[in-house]
Amino acid sequence: MIHADNLTVQYAGSIGLSTITAIQSLSITVEKGEFVVVVGPSGCGKTTLLRVLAGLERPASGNATITPTDTHRPPTAMVFQNAGLFPWMSVLENVAFGMRMQGIRGPKRYALAQEWINRVGLSRFVDSFPSQLSGGMQQRVGLARAFAHNPEVLLMDEPFGALDAQTRLVLQETLLDLWKNSDTTVLFVTHSIEEALTLGDRIVVMSARPGHILAEVAVTFPRPRNVMALRANPDFGKRYADIWEILREQVDLAQKEH
Ligand SMILES: Nc1ncnc2c1ncn2[C@@H]1O[C@H](COP(=O)(O)OP(=O)(O)OP(=O)(O)O)[C@@H](O)[C@H]1O
Ligand SMILES: [Mg+2]
């Protein structure tokens, strides 16, 4: 579904500054329906990778492609740390907006939007505006909007990074529940190894900049996963230590660069 081959991405420096190589010779394949989590030190090119896949940046060399399998579905949607809701639109309008762009007609659009809002537990807030919601509730709306849009690939850039620890756990559970029957392939970026282990089928560890793939770790915990119970699993701690060992050196390298 997602395929990057020897991908290199550069940013032109401002006047007097040299070119920045954000990603160098990165290759990755993601199967249809897979949930892959990307971890890596700050500045290693995670957001850049998602932006290239969304068609927002161009590779300097190599390629990154998404192969659509269903012409009725949009190929990608992106979810960011900040839910990015339109402040002048109600929750219902925000969730329905993407479907309007897809040409889905009014009554059907609002019925579908309502359904996704119910699924994220915000049925009482359909007519509220984003400023009336907590950060966690706003990100719930962001999830409802992303799944209502029904993309084949969901690109998620630290969507829960700004939330408190408890809200984050609950939203991880919500995400897994929405994803379960959605036939959506997910590429999810996080700094949290716990989050990566909780959500992913596979964890991809990136090196310090210029980013490439250092390691891929399969996560074999059975699904459906209970977010709380998983943390008590002794294998969870062991896997955490394995991944931290790979990541730690890269985090140190990235720190030195600053
Ligand atoms: N528009 C831009 N112009 C110039 N350099 C950029 C631009 N966007 C990103 N970079 C640089 O490219 C590198 C990779 O950035 P990117 O945002 O992809 O990292 P990241 O892994 O998402 O970091 P973080 O974990 O902090 O979000 C960084 O060194 C950054 O400074
Ligand atoms: Mg980033």
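Take strand β7 as the starting point of this predicted model: Thr185, Leu187 and Val189 point one way from the strand, Val186 and Phe188 point the other way, and all are buried. The strand, residues 185-189, is thus described as mostly covered, with five of its five residues buried.

Who are the neighbours of β7? Strand β6, residues 153-157, runs parallel to β7, and five bridges join the two. Within this pairing, valine 153 has threonine 185 of β7 as its bridge partner. Strand β3 also runs parallel to β7, joined to it by four bridges. Here valine 36 stands opposite leucine 187, one of the residues that share a direction with Thr185 and Val189.

From β3 we can step across to helix α8, since β3 (35-39) is among the elements that cover the buried residues of that helix. Other parts of the cover include α6 (193-199), β8 (202-206), β9 (213-218) and α7 (227-232). The residues of α8 that are buried include Phe236, Ile243, Leu247, Gln250 and Ala254. Leucine 247 is worth a second look: it is buried, and α8 bends by about 35° there. From end to end, α8 takes in residues 234-257, 24 residues in total. The distance from its first C-alpha to its last is 35 Å, close to the 34 Å expected at 1.5 Å a residue. At the N-terminal end of α8 you will find a cap: a side-chain oxygen of asparagine 233 lies 2.9 Å from the backbone nitrogen of aspartate 235.

Now let us turn to another part of the fold. Three strands form an open sheet in the order β2-β1-β4, with antiparallel pairing. Why do β2 and β4 each have one side without a neighbour in the sheet? β2 (20-30) and β4 (61-66) stand at the edges and each has a single partner strand, so one side of each is left free of a sheet neighbour. On average, neighbouring strands of this sheet are turned by 25° against each other, direction ignored.

Strand β1, residues 2-11, pairs with β2 in the antiparallel sense over seven bridges, and in that pairing tyrosine 11 is matched with isoleucine 20 of β2. Helix α1, residues 46-53, packs on this sheet, where it touches β1, β2 and β4. The direction of α1 makes about 115° with that of β1. With β4, strand β1 again runs antiparallel, and five bridges join the pair. One of the bridge partners here is isoleucine 66 in β4, which is matched with isoleucine 2.

A last stop is the loop between α2 (91-101) and α3 (106-119), where glycine 103 is found. Is glycine 103 buried or exposed? Its relative accessibility is 58%, and because exposed means over 50%, glycine 103 counts as exposed. Measuring C-alpha to C-alpha in the model, glycine 103 and valine 120 are 24 Å apart in space, with their positions 17 residues apart in sequence numbering.

Terms used. Residues numbered from 1 in each chain as written. Chains lettered and ligands numbered in written order. Predicted model: local features only at pLDDT ≥ 70, side-chain atom pairs only at ≥ 80, totals over all residues. Heavy atoms only, no water. Expected span 1.5 Å × (residues − 1). Bend = angle between axes of the 7 residues up to and from the residue. Buried < 20%, exposed > 50% of the residue type's maximum accessible area, 1.4 Å probe, protein only. Contact = heavy atoms within 4.5 Å. Polar contact = N/O pair within 3.5 Å; in protein donor to acceptor, adjacent residues only side chain to side chain. Pairing = 2+ DSSP bridges. Axes fitted to C-alpha atoms, helices over the stretch in contact; angles between N-to-C directions.
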